[in-house]
Amino acid sequence: MNLININDDDIYLNNAATSWPKPDIVIKAITKCLIDLPGESGRSTDELTEDPVQESREITSKFFSCPDPDHLIFTSGATQSLNMLIHGFDAKTPGHYHVITTDLEHNSILRPLTMLENNKHISLSIVPSHDGYVTADEVHDAINTDTRLIIITHGSNVMGTVQPIHEIHKELNEDIFLIADGSQTAGQIPINIPSLGVDAYVLTGHKYLFGMPGIGGFWIRDPDRINPIMQGGTGTDSANLHQPSFLPERFEAGTPNYPGIVSLMTGIKYITDIGFDRISAHLKACTTAFYNAIKNSDQVIKYSPSPDIPVFPVNIKYLDADTAGFILRRSNGIITRTGLHCAPLIHKQITNGEGCIRLSPSVFTNPEDCRYAGETISDLAEKVKNATK
Amino acid sequence: MSETIKEVKLKQCSDGRIKKEYLLPYPITRDMISNLKPAGEVFIMDYLADPVFTIVHGTDFNVRGMVGKKIVAIWYTTEKMSDNERFIISFFESFVNNE
């Protein structure tokens with residue numbers, strides 16, 4: 001299978017936001033899904049239709065080594081998953097309690113928690129990271145007798161660092177609910193969700209699982225720990241005015257996103273066919289090519305020179321990130337993402353809240369393009385330095 | 001919106017600003033950029049093969065473009081975007097009218 005098939009002059013290095021291009025088989029599967037009779041499970045008299053939702057649930061569960069597919073819940077993405085888990089946990093948990101998170105988190109975690117904090121539901125501790133990592137000891141030190149919830153990103157979308165989720169889980173008592181956000185790791189590294197020890201694991205489909213935007217999900221170990229915050233039709237148990245308590249209906253209300261669910265399943269098949277050995281080797285080649293090209297420049301600020309997943313946060317001295325991003329895009333055709341990356345706390349620590357340029361390849365990226373991006377940034381940094389002398 | 005200056009992209013930035021890209025009917029010249037000096041701090045990066053310019057008006061707006069190209073990108077603070085956009089559009093339109 002050819003990993004590199006972009007026929008375009010532009011170099012897309014913004015996969016941490018959303019992956020592009022999508023594999024042809026994903027695009028074809030979405031198109032077929034829209035052309036074929038809808039597989040409306042439980043909502044159609046057409047007995048010949050397939051049930052792509054259940055098939056996708058089984059394939060996705062197997063990919064993450066989850067034993068019971070019905071514990072894999074489909075949502076519109078990581079943000080909806082996190083909101084359902086955070087607010088659902090709050091709805092289930094009586095009284096005021098304590099929550100721990102980290103400064104690496106995305107606003108899809110920080111904003112729901114801030115709202116709960118402002119509404120006096122919770123007190124919040126934010127564990128600081130060091131060089132992109134939180135330690136299990138520091139997370140454990142933040143626990144008090146009121147702690148009920150810990151939420152930690154599995155892979156930082158700014159630093160590209162993978163957090164020690166299993167180590168953090170090891171010393172937790174059963175009262176504490178542990179959520180990991182796998183938005184950046186799912187599809188990049190092999191993940192056995194049950195062995196991480198988490199109570200819930202959050203996924204998004206449109207990044208490194210190569211599905212379309214609008215599909216994601218979460219796996220939950222014990223569904224009774226979370227109240228459903230959405231109620232509606234499930235196509236089953238329709239005489240019951242209460243949301244069904246069984247899975248997946250407990251958390252899935254409304255017509256499923258069939259094209260999205262099919263795209264997720266097909267993206268996972270695509271990744272499975274490539275295999276994590278090849279994915280890992282390819283992404284390492286991209287990382288090496290980029291950092292080799294900038295390693296000798298003292299004008300390029302490297303915030304995370306040895307990332308675990310290929311996310312490269314950098315800045316150029318004496319040039320703001322937005323201008324640098326503009327130049328890279330307009331002069332060199334290199335598409336990055338500049339700014340705070342929806343993760344304001346880690347930017348407060350590393351860039352004083354100013355933001356940076358983030359480059360993020362995927363299995364579709366030619367490592368030579370990463371080398372070119374690194375050389376271009378080094379060259380630009382040198383020109384800026386000479387101009388400011 | 002102007003009939004000659006076309007807004008081609010709009011984006012809500014993570015820091016709360018609005019970024020808009022405009023397509024002008026003519027390439028931007030150094031004279032035009034010089035005329036914008038009263039609007040903010042002008043900087044032209046002549047050391048680049050395709051010189052990029054920035055015009056920074058405090059935190060209100062921030063213009064980026066390339067000399068000789070028709071696209072400009074402008075980052076606005078939302079509170080004053082309406083007035084500032086009107087000013088910038090009228091500025092670029094004045095060059096159309098002068099042609």
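**Exercise 1. Which side chain of chain B does Arg330(A) meet in a salt bridge, and how is the interface of chain A with chain B made up?**

Solution. The coordinates belong to a predicted model, and the distances and areas below are computed from it. Begin with the pair itself: the side chain of Arg330(A) forms a salt bridge with that of Glu21(B), at 2.5 Å from N to O. This distance can be set against the cut-off of 4 Å between a side-chain nitrogen of Lys or Arg and a carboxyl oxygen of Asp or Glu. Next, widen the view to the whole interface, where the count between chain A and chain B is three salt bridges. Chain A contributes 17 residues that are in contact with 16 residues of chain B. The size of an interface is often expressed as the accessible area lost when the parts come together. Here the area buried between chain A and chain B is about 1300 Å², and carbon and sulfur atoms give 63% of it. Finally, return to Arg330(A), which together with Asp322(A) and Phe326(A) loses the most area to chain B among the residues of chain A, the three giving 41% of what that side buries.

**Exercise 2. Determine how α3(A) is placed against α4(A), and which residues make the contact.**

Solution. First take the geometry: the axes of α3 (residues 78-92) and α4 (residues 107-118) of chain A come within 9 Å and cross at roughly 25°. Angles under 35 degrees count as roughly parallel, and α3(A) and α4(A) are therefore roughly parallel to each other. The crossing of these two helices is right-handed. Then list the residues: from α3(A), Thr79(A), Leu82(A), Asn83(A), Ile86(A), His87(A) and Asp90(A) meet Ser108(A), Ile109(A), Pro112(A), Leu113(A), Met115(A) and Leu116(A) of α4(A). Sorted by class, this contact has seven nonpolar, four polar and one charged residues.

**Exercise 3. Carry out the analysis for α9(A) with α12(A), and then for α2(A) with α8(A).**

Solution. For the pair α9 (residues 276-294) and α12 (residues 367-387) of chain A, the axes come within 7 Å and cross at roughly 20°, so that α9(A) and α12(A) are roughly parallel to each other. The crossing of α9(A) and α12(A) is right-handed. Among the residues in this contact are Ala285(A), Ala289(A) and Phe290(A) of α9(A), and Cys370(A), Ala373(A) and Ile377(A) of α12(A). The classes of the contact are 10 nonpolar, three polar and two charged residues.

Turning to α2 (residues 52-63) of chain A, its axis and that of α8(A) come within 9 Å and cross at roughly 35°, and the crossing is left-handed. The contact includes Val53(A), Ile59(A) and Phe63(A) from α2(A), together with Ile261(A), Met265(A) and Ile268(A) from α8(A). The residues of this contact divide into 11 nonpolar, three polar and two charged.

**Exercise 4. Locate the cis peptide bonds at Pro21(A) and Pro248(A), and the positive phi of Asp131(A).**

Solution. Start with the bond from Trp20(A) to Pro21(A), which is cis, with omega near 0°; Pro21(A) lies in the loop between β1 (11-12) and α1 (24-35) of chain A. Leu247(A) and Pro248(A) are likewise joined by a cis peptide bond, with omega about 0°, and Pro248(A) is found in the loop between β8 (216-220) and α8 (258-274) of chain A. Last comes Asp131(A), a residue other than glycine whose phi is positive, near 55°. Asp131(A) lies in the loop between β4 (122-127) and α5 (136-141) of chain A.

Terms used. Residues numbered from 1 in each chain as written. Chains lettered and ligands numbered in written order. Predicted model: local features only at pLDDT ≥ 70, side-chain atom pairs only at ≥ 80, totals over all residues. Heavy atoms only, no water. Axes fitted to C-alpha atoms, helices over the stretch in contact; angles between N-to-C directions. Helix = DSSP H or I, 4+ residues; strand = E, 2+ residues; numbered from the N terminus. Parallel < 35°, antiparallel > 145°, perpendicular 65-115°, else oblique. Left-handed = near helix turned anticlockwise from the far one by under 90°. Contact = heavy atoms within 4.5 Å. Nonpolar A, V, L, I, M, F, W, Y, C, P; charged D, E, K, R; others polar. Buried area = accessible area lost by both parts, 1.4 Å probe.
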